[in-house]
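Work through the exercises below with the sequence and the structure side by side. Each task is followed by a solution that proceeds in steps.

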Amino acid sequence: MIVVWQSRHIDSTNDHVQGRVFNEDGSAATSEFTIWSGAGSQSNPVVSCWGSTACLTCFEDSTDIRCVRVSNAGVVGIDFILNSITAGTQSLPQIMVIRNSFLFAIWETSTNNGDIDTRSVWLSTGGGISSMTDQCVACTPSPEVKPSLAVVESTVYVSYLYGATMRIAKMRIPSTVIRHIDVSPNTCTSAVIGIVGSSWIGA
């Protein structure tokens with residue numbers, strides 16, 4: 001397994017992304033290594049792995065989402081910017097491997113007019129973008145924030161806050177959104193989704 005985190009180990013002023021690989025028994029397989037230490041700060045790293053050979057970690061890098069491929073031996077590979085829309089600020093990425101064939105990523109995008117939307121993109125496990133243009137999961141004049149991600153077989157569920165309501169966007173691999181489901185009409189301040197068997201739970 002690989003663990004990633006933001007750290008000021010290299011730079012006492014800015015946060016960068018570090019990683020370390022561990023064996024199943026919890027013993028360290030590698031020393032701590034740097035995944036990304038570009039200009040400015042990087043934050044909120046997440047990681048997802050496929051098979052037993054490679055992982056992809058994504059994180060906030062200035063106003064974009066950057067992804068870096070890392071091997072199970074801790075070797076840092078290619079990097080790329082995840083978002084095709086560069087206006088505004090991109091934040092809070094999440095990624096998940098689906099059937100060892102695709103990676104699906106979501107994040108918040110803050111547009112220049114002050115609105116906040118949730119967007120997504122499909123990636124190949126080779127580490128490249130499978131669908132070059134990211135798509136809108138939830139984009140209305142009202143903010144859609146704090147996205148969370150879960151997968152049941154060939155269906156992707158993205159939870160997010162729509163104002164004070166928790167909503168779920170149901171998506172089929174690799175199509176666009178099928179429908180939106182209101183989970184709670186009460187005032188919500190965060191949204192997360194989990195899988196129980198072949199069903200989902202929103203909280």
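**Exercise 1. Pairing in one sheet**

Which residue in β5 does serine 43 stand opposite? Work outwards from this pair to the sheet as a whole.

Step 1. Serine 43 stands opposite glutamate 60 in β5, and this pair can be looked up in a model that is predicted.

Step 2. The strands β4 and β5 run antiparallel and are paired over seven bridges. In their hairpin three residues lie between the strands, and glycine 51 takes a positive phi near 60° there.

Step 3. On the way to the next strand, β5 and β6 are joined by eight bridges and again run antiparallel, with alanine 54 standing opposite serine 71 in β6. The hairpin of β5 and β6 has two residues between the strands, and in it serine 62 takes a positive phi near 60°.

Step 4. Four bridges then join β6 to β7 in the antiparallel sense, and cysteine 67 has phenylalanine 80 in β7 opposite to it.

Step 5. Put together, these strands make an open sheet of four strands in the order β4-β5-β6-β7, with antiparallel pairing. Its edge strands, each of which pairs on one side only, are β4 (42–50) and β7 (76–81), and neighbouring strands are turned by 20° against each other on average, direction ignored.

**Exercise 2. The faces of a strand**

How many of the eight residues of strand β5 are buried? Decide then how they are shared between the two sides.

Step 1. Begin with the rule that side chains in a regular strand alternate between the two faces of the sheet.

Step 2. Strand β5 covers residues 54–61, and eight of its eight residues are buried.

Step 3. One side carries Ala54, Leu56, Cys58 and Glu60, the other carries Cys55, Thr57, Phe59 and Asp61, and with all of them buried both faces of β5 are covered.

**Exercise 3. A charged residue inside**

Is arginine 66 buried or exposed, and with which side chains does its own side chain make polar contacts?

Step 1. Arginine 66 has its place in strand β6, which spans residues 64–71.

Step 2. The relative accessible area of arginine 66 is 15%, and because buried means under 20%, this residue counts as buried.

Step 3. The side chain of arginine 66 makes a polar contact with the side chain of aspartate 61 at 2.6 Å, and another with the side chain of aspartate 79 at 2.7 Å.

Step 4. Leaving aside residues up to four places away in sequence, arginine 66 touches several residues, among them Trp36, Phe59, Phe80 and Ile81.

**Exercise 4. Positive phi inside strands**

Where do asparagine 44 and lysine 146 lie, and what are their phi values?

Step 1. Asparagine 44 lies in strand β4, and its phi is near 50°, a positive value in a residue other than glycine. With a relative accessible area of 35%, asparagine 44 is partly exposed.

Step 2. Lysine 146 lies in strand β12, residues 144–152, and has a positive phi of about 55° although it is not a glycine. Lysine 146 is partly exposed, its relative accessible area being 39%.

**Exercise 5. A second open sheet**

What is the strand order of the open sheet of three strands?

Step 1. The order of this sheet is β1-β2-β3, with antiparallel pairing. Its edge strands are β1 (2–7) and β3 (33–36), each pairing on one side only, and the twist averages 35° from one strand to the next.

Step 2. Strand β2, residues 16–21, pairs with β3 in the antiparallel sense over three bridges, and glycine 19 stands opposite phenylalanine 33 in β3.

**Exercise 6. Around arginine 167**

Over the face of which residue does arginine 167 lie, and which residues does aspartate 182 touch?

Step 1. Arginine 167 lies over the face of tyrosine 162, at 3.9 Å from the ring centre.

Step 2. Aspartate 182, placed in strand β15 (residues 177–184), touches Thr165, Met166 and Arg167 when residues up to four places away in sequence are not counted.

Step 3. Although aspartate 182 and arginine 167 are 15 residues apart along the chain, their C-alpha atoms are separated by 4.6 Å.

Note on methods
Residues are numbered from 1 along each chain as its sequence is written. This is a predicted model: local features need pLDDT of at least 70, side-chain atom pairs count only at pLDDT 80 or more; totals for chains, interfaces and linings use all residues. Side-chain values use heavy atoms; hydrogens and water are left out. Two strands pair if DSSP finds at least two bridges between them. Axes are lines fitted to C-alpha atoms, for helices over the stretch in contact, and angles run from 0 to 180 degrees between N-to-C directions. A charge sits over a ring if NZ of Lys or CZ of Arg is within 6 Å of the ring centre and within 35 degrees of the ring normal. Contact means heavy atoms within 4.5 Å. Buried means under 20% relative accessible area, exposed over 50%, partly exposed in between (1.4 Å probe, protein chains only). A polar contact is a pair of N or O atoms within 3.5 Å; within protein, one must be able to donate a hydrogen and the other to accept it, and residues adjacent in sequence count only if both atoms are side-chain atoms.
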